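Open the model in your viewer and keep the selection panel at hand. The tour begins with the whole chain and then goes through a few selections.

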Amino acid sequence: MRHLYDVLEFNIIKEKVASFAATKMGKEYIENLEHSTDIHEIRLALSKSDEAMRIIYSFGTCPLSQIHDISMSLINAKKNAVLNIEELYRIASNIEAVQNIKTFKGQVNNTNIDSFNEYVDSLVYLHYLSKKIFNVISPNLEILDNASSTLNKIRKEIKKITSEIKSKMDSYMQSNSEYLSDEVVTRRNDRLVIPVKSTYKHQIQGIIHDESSSGNTSFVEPTFAVLLNAKLDNLRNDETIEINRILRMLSSDVADDVETLLNNQKYITELDIMFAKGQYGKSIDGQVPLMVNEPTLVFKHARHPLIEKKKVVANDISLGGECNKILLISGPNTGGKTVYLKLTGLLVLMAQAGIPLPVDGEAKLSVFNNVFVDIGDEQSIEQSLSTFSSHMEKIISMVDEVDDKSLVILDELGGGTDPKEGESIAMAFIEYLHKKNSFAVVTTHYSNLKVFALEQGYIENGSMLFDEENMKPQYHLALGVIGKSYALEISKRLGLDNYIIDRARYYKDYYMSQSEKLEEKLEEKMKLIHQKEEEN
């Protein structure tokens with residue numbers, strides 16, 4: 001699956017969709033998303049994306065930012081673990097997010113948004129729990145003084161004793177300033193101390209806790225402060241015990257509502273996924289396709305989503321239904337054949353993953369249980385595979401699996417070997433795909449293969465249009481047209497010597513087979529027909 005997704009660039013699409021997700025859970029789900037082959041599952045996923053797009057266009061996106069992944073915290077709470085301050089604050093924040101989502105739903109006045117309504121209505125706003133937590137924990141992730149009367153009393157006593165120690169130290173420093181390196185009370189080893197010049201450290205009765213890096217200053221806790229600092233230590237210990245008691249109590253409250261909180265996270269994740277797909281759909285001016293039972297693949301005015309909007313050329317993709325299931329594309333190199341192949345496969349994967357498509361017209365397809373792809377030269381030096389062998393391995397792997405619910409995408413079928421043998425293999429494999437009733441899009445430069453397609457009748461010919469006057473590809477597929485490679489014309493424009501061009505034309509005519517001569521005549525005839533159709 002990884003190979004298929006890489007070749008068709010579906011993994012890049014998933015990254016782009018995931019970038020619209022507001023939660024870690026939503027991002028992870030989309031990054032691991034695979035296309036489905038269950039038509040009911042696909043229809044539901046597409047319906048959700050459509051709902052999200054309609055809501056976004058009319059009311060904006062659902063407020064899903066600042067929502068945390070609290071699943072591990074909830075699992076730990078269920079095991080009677082004591083949650084820390086940050087975990088509890090995140091749980092309370094997620095609870096308040098539920099209220100924001102419900103408020104947003106109240107502003108949405110839209111019909112046929114069943115999934116959205118179902119998810120939001122399933123969310124439970126545990127206000128009493130978030131209120132409990134916010135009454136104890138500040139936005140700075142500190143336990144508030146009034147979290148309990150006991151804690152409030154302890155902290156008042158701590159402030160009182162701290163103030164007493166500082167006051168006595170200030171007075172002591174004023175009367176012993178000649179011994180000090182600085183008249184500032186500081187802290188070492190969690191004790192209030194005064195900075196004494198090291199030469200006088202024994203002049204001050206007390207405990208030496210530390211020295212400066214230069215060794216010029218010693219930090220001394222005067223004897224009068226030792227008892228007060230000890231009392232302060234006891235109070236801080238009491239404070240820690242009380243904070244732990246409060247956290248344990250809140251953790252127990254969370255444990256009572258674990259299932260509800262886990263369900264909330266599940267529904268929030270579902271909302272995030274559908275709105276991420278919806279926002280992506282809006283970004284590409286997309287729409288969701290219709291899933292049908294009849295074997296069909298139709299995308300009108302489809303644009304490749306990874307090509308800039310200003311540069312991309314829209315193309316129609318029509319297979320099955322009233323059209324042939326097999327499309328043979330010819331035309332010049334760099335004319336857009338490979339892009340068209342990738343576009344076809346990519347849109348199928350996107351549709352079956354519930355992602356909106358960059359299509360401006362009709363969009364419908366049946367479910368493809370298999371998508372087979374062989375694009376580009378993936379020659380393996382390590383395995384000593386030639387280009388031809390590499391392609392053949394992929395063809396062989398398809399033979400036993402292709403059926404009437406398969407889409408086969410092949411670039412330069414039969415390439416990499418003797419042209420006569422290569423095109424013969426190509427003809428035979430296309431015939432095999434026809435017998436299996438499979439869908440296929442195939443590119444070629446083989447003349448005989450183009451004629452073969454015309455003769456068989458079950459293969460649709462198509463060509464990527466080329467501006468012969470300016471020698472530029474137009475990247476647009478014309479159906480019912482056989483394409484030329486324009487190798488000689490392009491070579492001439494690029495500056496190849498005229499002698500070589502003329503001799504190449506001579507050898508081309510001299511060695512051209514009857515079928516190839518027929519192909520050239522057909523190309524000219526079909527081009528004239530196509531031009532007349534466009535004029536009318």
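Two residues are in contact when heavy atoms of theirs lie within 4.5 Å. This is a predicted model. Taking its contacts between residues at least 6 apart in sequence, 71% join residues at least 24 apart.

**Whole protein.** Show everything as a cartoon. The secondary structure comes to 18 helices and 14 strands. Now switch to a surface: the accessible surface is about 27,000 Å², and carbon and sulfur atoms account for 48% of that area. Of the 536 residues, 46% count as buried.

**Residues 186-197.** Select this range to bring up strands β1, residues 186-188, and β2, residues 191-197. The two pair in the antiparallel sense, over three bridges. They form a hairpin with two residues between them. Click on N189 in the turn, which has a positive phi of about 50 degrees. Then pick T186 and look across to β2, where V193 stands opposite.

**Add residues 217-222.** This is strand β4, which pairs with β2 in the antiparallel sense over four bridges. To find a facing pair here, label V196 and S218: S218, in β4, stands opposite V196. With β1 and β4 both displayed, check how much of β2 is covered. Six of the seven residues in β2 are buried.

**Residues 315-320.** Move to strand β7 and show S318 as sticks. Is S318 buried or exposed? Its relative accessibility is 16%, and because the cut-off for buried is under 20%, S318 counts as buried. Next, add K300: a polar contact of 3.3 Å joins its side chain to that of S318. To see the rest of the surroundings, add L297, V298, C323 and N324, which S318 also touches along with K300, leaving aside residues up to four places away in sequence.

**Residues 419-435.** The next selection is helix α14. What distance should its 17 residues span? At 1.5 Å a residue the expected span is 24 Å, so a distance drawn between the end C-alpha atoms, which are 24 Å apart, agrees with it. Colour G422, E423, A426, M427, F429, I430 and L433 along the helix; these residues are buried. Finish at N437, just after α14, where the backbone takes a positive phi of about 65 degrees.

Technical notes: Residues are numbered from 1 along each chain as its sequence is written. This is a predicted model: local features need pLDDT of at least 70, side-chain atom pairs count only at pLDDT 80 or more; totals for chains, interfaces and linings use all residues. Side-chain values use heavy atoms; hydrogens and water are left out. The expected span of a helix is 1.5 Å times one less than its number of residues. Buried means under 20% relative accessible area, exposed over 50%, partly exposed in between (1.4 Å probe, protein chains only). Accessible areas come from the Shrake-Rupley method with a 1.4 Å probe; for residues, only the protein chains shown count as cover. A polar contact is a pair of N or O atoms within 3.5 Å; within protein, one must be able to donate a hydrogen and the other to accept it, and residues adjacent in sequence count only if both atoms are side-chain atoms. Two strands pair if DSSP finds at least two bridges between them.
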